[in-house]
Amino acid sequence: MNYGTLRSKIAVHVFGYTLLLVLVYSLALLCVVYQVEDMALRRQLSSYADDIIRYAETHAGVPDNLPPHVTAFTGMSGVPSHLQPYLDGQHEGALEINDDGLDFYVAVRRAVTIDSPIYIFYDVSSIELTETYERYLLFGVVGIGICVLLAGFVAARSVASQLSTPLAGLTAEVQDLSLNSPPPSLRQFDSPDEIGTLARTIGDLLARVEAFTQREREFTSHASHELRTPVTVIKGAAEIMEARGAGDIGMGEPVARIQRAVGEIETLIDTFLLLARENEFPAARICELKGITEDVVAAHRHLLDGKPVELDVQVSQAGTAHVAPAVASIAVGNLIRNAFMYTTEGRITLQVLTDRVVVTNPVGKNGIAKGEGLGLTIVKRLCERMGWTFTIVAGPEGKTRAELVFQSQG
């Protein structure tokens, strides 16, 4: 039995309560038996004592013919010597002597016609439950308790099964949900109880999530496609300007900036389209991380122009990744672009290793240690979709270390 499941927890709790009830009931039953026996014997002794006192007040002595197991003595001197110590200080009333093989109920009474107290002994050694009968009683109670426990165990499993089976079925169906298929209606749990309410609530929530996700994908896809038209126009105009102003030194830099901005917008549009597709990524193949990184650095190096920033690119240990080059380029590009944009001074170290890219740079006012910028958000989203690992940690000397691993660790 798996004790972590709801069914086992219900069974254990019901069985535990049953065991507790059986123990309480058994102890109470034994106490009642002994109390009832004690009360019956005391009442019988009181009846005998009343008869003996009435006789003594009439005849000035105790009767000679007493019921079996009953003896009466006038004064302490008549009491057997081995019983006298138990009666020291006892005036009128009743007591029980149960010691060293002795088992008596004793009543101490006084009669009007007799000066000394009358001691009435009721020998209950052969009347009370003997040790043998006590064992029989105990065995009987234990046997009944075991039977009740077995019945309680069966009942606990049955109750647990009835209560947890619908919930287990709902859990299994929810676990089998696929992101690539529309949410089910969960109609088999359409019942008026709490399970049915939970199933309907989950179904409604899944439908809302599916509708929201679909709207988001459609919006992202449509917006990205709509943006392509003006970007294409700007790109064409920039090419015309470049061709017409080939001899104009003053036009070269502005046109280059326009072309770089258009390239960045195209990359951003491609990224949005890529994230909008659910499991429709380009086909993966073996790509060289060195080439991808060098192309990305060349495309974004202009972001360091005019800054007192030193760039150290280490690609001697560069490896490969099994991924579409466009996807790898987007991830690495956003990581490097973010570092270039937010580093105002100091040294940026870019390491390309066998399965990862590591960027270390000083913490600026809007540094990557704070996780700011659209670029890092895109990297995180891609890592979630691809199963990669992306971490940003604070390093020594006021630097941060961003690491993009192309294979899931573990």
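In the predicted model, V313 stands opposite L350 of strand β8, a pairing that belongs to the junction between β6 and β8, where six bridges join the two strands in parallel orientation. Strand β8 itself covers residues 346-352. These two strands form part of an open sheet of five strands, arranged in the order β6-β8-β9-β11-β10 and mixed in its pairing. The edges of the sheet are provided by β6 (309-314) and β10 (389-394), each of which pairs on one side only. On average, and with direction ignored, neighbouring strands of this sheet are turned by 10° against each other.

Two helices are associated with this sheet. Helix α5 packs on the sheet and touches β6, β8 and β9 (356-362), and the direction of α5 makes about 150° with that of β8. An angle over 145° counts as roughly antiparallel, so α5 and β8 are roughly antiparallel in their directions. Helix α6, in turn, lies across β6, β8, β9, β10 and β11 (399-405), and runs at about 10° to β9. Since angles under 35° count as roughly parallel, α6 and β9 are therefore roughly parallel.

The same helices also pack against one another. Helix α5, comprising residues 289-300, and helix α6, comprising residues 325-342, meet at an angle of about 45°, and their axes lie 9 Å apart; the two helices are therefore oblique to each other. The crossing of α5 and α6 is right-handed. On the side of α5, the contact is made by I292, T293, V296, V297 and H300, whereas α6 contributes P325, A328, S329, V332, G333, I336, R337 and F340. By residue class, the contact of α5 with α6 comprises eight nonpolar, four polar and one charged residue.

Elsewhere in the chain, L102 lies in strand β3, which spans residues 102-109. The relative accessibility of L102 is 17%, and because buried residues are those under 20%, L102 counts as buried. With residues up to four places away in sequence not counted, L102 touches H82, L83, Y86 and I97. The C-alpha atom of L102 is separated by 9.2 Å from that of V124, a residue 22 places away along the chain.

The loop between α1 (6-59) and β1 (70-74) contains A60, and H69 is found in the loop between α1 and β1 as well. Phi of A60 is near 60°, a positive value in a residue other than glycine, and H69, which is likewise not a glycine, has a positive phi of about 70°. As regards accessibility, A60 is exposed, with a relative accessible area of 53%, while H69, at 39% relative accessibility, counts as partly exposed.

Over the protein chain, the secondary structure comes to seven helices and eleven strands. Of the 410 residues of the chain, 31% count as buried. Among contacts between residues at least 6 apart in sequence, 65% join residues at least 24 apart.

Notes: Residues are numbered from 1 along each chain as its sequence is written. This is a predicted model: local features need pLDDT of at least 70, side-chain atom pairs count only at pLDDT 80 or more; totals for chains, interfaces and linings use all residues. Side-chain values use heavy atoms; hydrogens and water are left out. Axes are lines fitted to C-alpha atoms, for helices over the stretch in contact, and angles run from 0 to 180 degrees between N-to-C directions. Helices (H or I, at least four residues) and strands (E, at least two) are DSSP runs, numbered from the N terminus. Angles under 35 degrees count as roughly parallel, over 145 as roughly antiparallel, 65 to 115 as roughly perpendicular and the rest as oblique. A crossing is left-handed if the near helix is turned anticlockwise from the far one by less than a right angle, and right-handed if clockwise. Contact means heavy atoms within 4.5 Å. Ala, Val, Leu, Ile, Met, Phe, Trp, Tyr, Cys and Pro count as nonpolar, Asp, Glu, Lys and Arg as charged, and the others, Gly among them, as polar. Buried means under 20% relative accessible area, exposed over 50%, partly exposed in between (1.4 Å probe, protein chains only). Two strands pair if DSSP finds at least two bridges between them.
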